[in-house]
Amino acid sequence: MGKSLSCGITVLRIVVGVVFLAHGAQKLFVYHIAGVTALFSHIGIPLPALSAIVVSLVEFVGGIALLLGVATRLAAVLLAIDMLVAILAVHLKNGFFMPMGYEFALTLLAANICLILSGAGCASVDGLLGKKS
């Protein structure tokens, strides 16, 4: 990967990491698991209490992982699955456009697919450890 492409991937990774970290933190520290569970129950997500814990932690810890560039591909896979489920279960029926449509979740899904395919880019813990993630 060329240096400018690698650095571009790093920008994508950091921004996507910040977005997921913020959403995960919001679920954990603002809405709390009980609030996320209630929302998931209301919209028909299966096993809402377990799903609330998993989604909140995947977004929070996955966001941190992307931000640091550690286990990038694994974090991106989990976050891509998170966005795919969000699109199919919540946003698709609301059309493309925000505020309830799937455009934002689709963009995050695509960004995570890019990170799965490319890895962390430059300036990452994975890179410092010599991993090909």
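Me: E59 lies in helix α2, but what makes a stretch a helix here?

Reply: Helices are DSSP runs of H or I with at least four residues, numbered from the N terminus, and α2 covers residues 48-68. This is a predicted model, in which local features need pLDDT of at least 70, side-chain atom pairs count only at pLDDT 80 or more, and totals for chains, interfaces and linings use all residues. Residues are numbered from 1 along each chain as its sequence is written, and side-chain values use heavy atoms, leaving out hydrogens and water.

Me: Why is E59 called buried?

Reply: E59 has a relative accessible area of 4%, and buried means under 20%, with exposed over 50% and partly exposed in between (1.4 Å probe, protein chains only), so E59 counts as buried.

Me: What makes the link between the side chains of E59 and K27 a polar contact?

Reply: The two side chains are joined at 2.8 Å, whereas the limit is 3.5 Å for a pair of N or O atoms, where, within protein, one must be able to donate a hydrogen and the other to accept it, and residues adjacent in sequence count only if both atoms are side-chain atoms.

Me: Is T10 buried or exposed, and how do you know that?

Reply: T10, which lies in helix α1 (residues 3-43), has a relative accessible area of 7% and is therefore buried. Its side chain reaches the backbone oxygen of C122 at 2.5 Å.

Me: Which residues does T10 touch, not counting residues up to four places away in sequence?

Reply: T10 touches A120, G121, C122 and A123, where contact means heavy atoms within 4.5 Å.

Terms used: Helices (H or I, at least four residues) and strands (E, at least two) are DSSP runs, numbered from the N terminus.
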